[in-house]
Structure formats: C-alpha cells, structure tokens
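Work through the exercises below with the sequence and the 3D view open. Try each task before reading its solution.

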Amino acid sequence: MSDCRAVKDWKVMKTVQHFANEHLQVVTECACTPSQATTRPWTVVHRKPAVVIAAITREDELVLIRQERIPIQRAIWEVPAGQIDAACPTPAETKRVALRELREETGYELAPGGKCAALGQLFSSPGFTDECASLFVARLVRLSATGHAHEPSESILDCRSFPIHKVTAMIARGEIADANTLAVYARLVAGGIFQLS
C-alpha cells in the first residue's frame with residue numbers, strides 16, 4: 001500500500017510491519033511531528049482509501065442497507081461504502097467507485113437527470129488508522145434493471161429507503177451508529193441537502 005499523504009514537517013523515521021493482507025497493513029511507526037522533534041512509536045493500521053455514498057430517491061428518501069458486521073457482532077443500518085483498489089485514485093476514479101458500490105450493494109443507480117457530487121472526506125478513526133473516505137451524494141437514484149450484485153461475504157440482509165425524519169429518529173435511538181452514516185448525514189444536513197424540521 002503506497003502512501004499518497006502530502007504532509008509537511010512530519011517524518012516517519014522507522015516503520016516495522018507486523019501484519020499485511022490485501023485490505024490493510026498493521027505497522028509501528030516512529031515519527032517526528034511538527035511539535036515534537038523526538039520520535040515516538042505508534043501502532044498504525046494503514047487502509048486503502050474508501051468511498052461512502054448517500055443515495056437519495058425521487059421521494060427524498062435516503063437508501064440504507066442492513067449489513068451484518070462481524071467485529072461488532074451486530075446487523076446495522078448504514079449507507080453503502082467500499083474500498084478503492086488504487087492507492088491514490090483520481091477524483092473521477094473515486095466517483096466511479098462510489099457509483100459502482102452503490103449499484104453493487106443496493107441495486108440503485110443514478111436516474112436520468114441525477115447527479116453525483118462530492119461531500120468532502122472523513123478520517124474514520126485517526127487515533128489508529130489513516131483510512132480516509134471520500135463522501136458522495138447521489139441524487140436522484142432509481143432501482144437498476146439488473147438489481148444488486150453484492151458478494152455473499154458482505155452479508156447484506158436488506159435494503160430500503162427511509163425519509164429523513166425516520167433516519168433522524170434512527171440516529172437518536174442509536175439504531176444508526178456507524179461513523180460513515182453519521183458523517184454523511186451531518187454533511188447532508190450541514191449542506192442544506194436535507195432540511196430538519
């Protein structure tokens with residue numbers, strides 16, 4: 001996994017790899033920061049870049065999937081997301097992957113006249129991982145003729161669209177608790193795409 005971070009005055013002096021597979025790499029890095037000239041070790045999980053996509057239907061509803069997540073031993077409602085294979089993808093490639101993940105995980109695609117726009121980026125848990133997700137909104141979406149194409153290993157149990165007041169209530173009750181969905185919801189509200197009453 002190559003590093004495309006452009007960081008001034010940060011120096012990694014030593015890296016010791018503990019584990020690596022096709023999805024992540026666990027290392028201990030000894031780094032100097034702009035405020036600390038002496039190195040200190042930190043365990044870091046390097047992850048591929050990711051995409052998170054909020055899909056909005058013609059009825060102004062948000063498309064969510066219900067997926068089993070082994071690390072937390074729960075099935076949760078969340079927006080579609082996925083990793084990008086390229087280490088430093090172009091903005092166009094990132095958008096293509098977001099739309100591909102949307103279709104594969106939900107069976108939805110952009111409707112005629114629909115648009116896909118970037119909403120910024122999210123660091124999922126910067127205390128231990130460098131994973132950076134690009135957030136998108138796809139507005140207006142429709143069910144594709146071919147349906148979903150998710151892998152059985154993804155354990156997607158259901159896919160539905162919800163009006164924003166129901167999504168807000170699900171967040172308030174703790175039914176939606178993953179960082180990706182909470183972040184994209186916040187961007188949709190802060191950007192005025194969803195209006196809370």
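Helices are DSSP runs of H or I with at least four residues, and strands are runs of E with at least two, numbered from the N terminus. The model is predicted.

**Exercise 1. Check the length of helix α1 and examine the residue that follows α1.**

Step 1. Helix α1 covers residues 91-106, which is 16 residues. The expected span is 1.5 Å times one less than the number of residues.

Step 2. That rule gives 22 Å for α1, and the end C-alpha atoms are 22 Å apart, so the two values agree.

Step 3. Just after α1 comes Gly 107, with a positive phi of about 85 degrees.

**Exercise 2. Determine which side of α1 is covered, and by what.**

Step 1. Take buried to mean under 20% relative accessible area. The buried residues of α1 are Thr 94, Val 97, Ala 98, Glu 101, Leu 102, Glu 105 and Thr 106.

Step 2. Because these residues cover an arc of only 140 degrees around the axis, they lie on the same side of α1. An α-helix has 3.6 residues a turn, so residues three or four places apart point the same way.

Step 3. The cover over the buried residues of α1 includes β4, β5, β7 (81-83), β8, β9 and β10 (156-163).

**Exercise 3. Lay out the sheet that contains β1, β2 and β3.**

Step 1. The 3 strands form an open sheet in the order β1-β2-β3, with antiparallel pairing. β1 (11-20) and β3 (36-47) are the edge strands, each pairing on one side only. Neighbouring strands are turned by 15 degrees against each other on average, direction ignored.

Step 2. Strand β2 (residues 24-33) pairs with β1 over 8 bridges and with β3 over 9 bridges. A hairpin of 3 residues joins β1 to β2; the hairpin from β2 to β3 has 2 residues.

Step 3. Follow Val 27 of β2: Val 27 is the bridge partner of Gln 17 and stands opposite Val 44 in β3.

Step 4. In β2, 9 of the 10 residues are buried.

**Exercise 4. Identify the residues with the most contacts in the largest nonpolar core.**

Step 1. This core has 25 residues, and Leu 62, Leu 64 and Leu 188 touch the most other members. Two or more residues each come from β4 (50-57), β5 (61-69), β8 (108-123), β9 (132-143), α2 (164-172) and α3 (179-190).

Step 2. Residues up to four places away in sequence aside, the contacts of Leu 64 include Trp 77, Val 79, Phe 162, Met 170 and Ile 176.

Step 3. Another core, of 13 residues, lies apart from the largest one; among its members are Val 51, Ala 55, Ala 98 and Cys 116. Ala 98 is also one of the buried residues of α1.

How values were computed. Residues numbered from 1 in each chain as written. Predicted model: local features only at pLDDT ≥ 70, side-chain atom pairs only at ≥ 80, totals over all residues. Heavy atoms only, no water. Pairing = 2+ DSSP bridges. Axes fitted to C-alpha atoms, helices over the stretch in contact; angles between N-to-C directions. Core = buried A, V, L, I, M, F, W, Y, C linked by side-chain atoms within 4.5 Å. Buried < 20%, exposed > 50% of the residue type's maximum accessible area, 1.4 Å probe, protein only. Contact = heavy atoms within 4.5 Å. Arc of directions from axis to C-beta.
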